[in-house]
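Hi,

Here is the structure I promised to hand over. Please open it next to this message; my notes follow below.

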Amino acid sequence: MTTTISHVKTDHYLIPLAQVLEDSMHGVMTGFEVVTARVTDSDGAEGVGYTFTCGVNGGAIADILAREMTPRVIGRDPSLIEAIWKELWWAFHYGGRGGPTVLALSALDMALWDLKAKRADMPLWRLLGGYDARVPCYAGGIDMHLSPEELVAQTHDNIAKGHRAIKMKVGRDLLREDIAKLAALRDAFGPDMPLMADANMKYSVDGAVRAAKAFAQFDLTWFEEPIPPEDPAGHRRVLLEGGIPIASGENLRSVWEFRTAIEGGVTFPEPNVTNCGGVTPFMKIARLAEAFHLPVTSHGAHDITVQLLAACPNRSYLEAHGFGLEKYIESPLQIVDGYAIAPECPGHGVAFDWERLNSLRV
Ligand SMILES: [Mg+2]
């Protein structure tokens with residue numbers, strides 16, 4: 001029998017970081033926001049979704065979700081996720097194509113997929129196609145401020161936690177300081193450890209070409225966000241003249257923006273399920289990449305994203321991020337010998353500790 005959506009509960013939290021983090025363009029980060037969506041159906045079953053920010057916009061996201069999206073989905077069949085997604089996308093398109101609206105939609109869509117998988121009594125990765133529960137992953141450091149010695153120490157720590165691949169931040173004002181840090185990692189861990197560098201959109205096209213040529217000696221798996229995302233021709237120049245594969249996607253907000261990026265030369269599409277519109281578009285982006293014979297990687301939200309990449313035959317590395325959300329999740333992601341393991345419980349497997357989160361409510 002068909003159920004309907006009876007309730008959507010929105011909550012907004014500000015979670016302090018255990019240590020202050022820094023990258024090239026977002027500056028110093030002291031905390032991050034989480035906005036959650038809990039969808040309850042007419043049988044009382046619940047799906048949970050969330051999105052996060054670097055510390056701002058959470059109020060707008062929570063307001064859009066609670067005040068404007070929720071009334072539009074009450075009474076709808078929660079299994080018709082594509083229909084709900086398309087209706088919300090166009091209802092909000094004029095003022096909200098991108099930005100807080102898409103983050104709100106991401107949280108809601110994620111909750112609907114969690115609900116669908118729970119009702120099917122299947123883990124989400126099997127419902128989405130089912131490929132391999134073991135997903136290669138890497139430690140994504142937000143570490144531009146670290147010295148070469150501190151970066152090496154952090155990497156030893158990450159290897160002790162089960163990681164076998166590392167991504168570091170670049171984009172310091174002096175290129176030679178980035179080069180010294182890459183050299184320190186290669187010296188300490190050898191030529192075979194998969195290593196990525198993330199500039200967070202720091203460079204001009206010419207600056208990125210110069211950096212890529214300087215980084216080429218370190219055999220990077222990819223050079224991430226060398227320039228801002230709106231410049232496909234620039235990405236093509238960086239790829240062809242710099243000679244390193246490019247990853248980008250954490251600042252793209254739709255399937256269509258990914259199409260443009262792939263046509264522009266992005267070789268590792270890197271969607272974030274909490275800001276690309278949710279599970280529905282994430283999987284389309286992954287299949288789009290597959291059609292171009294490209295790997296798909298991911299940004300952030302590793303606890304849920306492991307489920308999505310476990311459904312993709314073209315999955316590359318899952319990014320495991322050190323934001324500290326695991327303190328508020330009942331069964332944090334397991335990383336074993338370089339692989340993240342998608343759990344077998346029904347749904348996406350992320351169960352928040354709501355009582356613990358309560359003290360951080362905005
Ligand atoms: Mg990045």
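**Strand pairing around E5**

Lys-167 in E5 is the bridge partner of Gly-140. Keep in mind that this is a predicted model.

Gly-140 belongs to strand E4, residues 134-140. E4 and E5 run parallel and are joined by two bridges. On to the next pairing. E5 and E6 are also parallel, with four bridges between them. Here Lys-167 turns up again: Met-196 in E6 stands opposite Lys-167. So much for pairing; now the connection. E5, helix H7 (residues 175-189) and E6 form a β-α-β unit, and the unit is right-handed.

Which way do the side chains of E5 point? E5 covers residues 166-169. Ile-166 and Met-168 point one way, while Lys-167 and Lys-169 point the other way. All four are buried, the two lysines included.

**The magnesium site**

What holds the magnesium ion? Its coordinating residues are Asp-198 through OD, and Glu-224 and Glu-250 through OE. The distances are 2.0 to 2.2 Å. Along the sequence, the donor residues follow the spacing D-x25-E-x25-E. Asp-198 sits in strand E6 (residues 195-198), whereas Glu-250 is in the loop between strand E8 (246-248) and helix H10 (255-264), so this pair ties together parts 52 residues apart in sequence. Both Asp-198 and Glu-250 are buried.

E6 therefore appears twice in these notes: E6 pairs with E5, and E6 carries the magnesium donor Asp-198.

**Two backbone angles to look at**

Two residues that are not glycine have positive phi.

- Asn-57: phi is near 85°. Asn-57 lies in the loop between strand E3 (46-53) and helix H1 (58-73). Its relative accessibility is 47%, so Asn-57 counts as partly exposed, since exposed would need over 50%.
- Asp-219: phi is about 50°. This residue lies in the loop between helix H8 (205-215) and strand E7 (222-224). Asp-219 has 55% relative accessibility, so Asp-219 counts as exposed.

Which of these two residues is exposed, and which is partly exposed? Asp-219 is exposed; Asn-57 is partly exposed.

Best wishes

Notes: Residues numbered from 1 in each chain as written. Predicted model: local features only at pLDDT ≥ 70, side-chain atom pairs only at ≥ 80, totals over all residues. Heavy atoms only, no water. Donors = N, O, S within 2.8 Å, 3.2 Å for Na, K, Ca; no water. Buried < 20%, exposed > 50% of the residue type's maximum accessible area, 1.4 Å probe, protein only. Pairing = 2+ DSSP bridges. Right-handed = clockwise from strand over helix to strand, strands pointing away.
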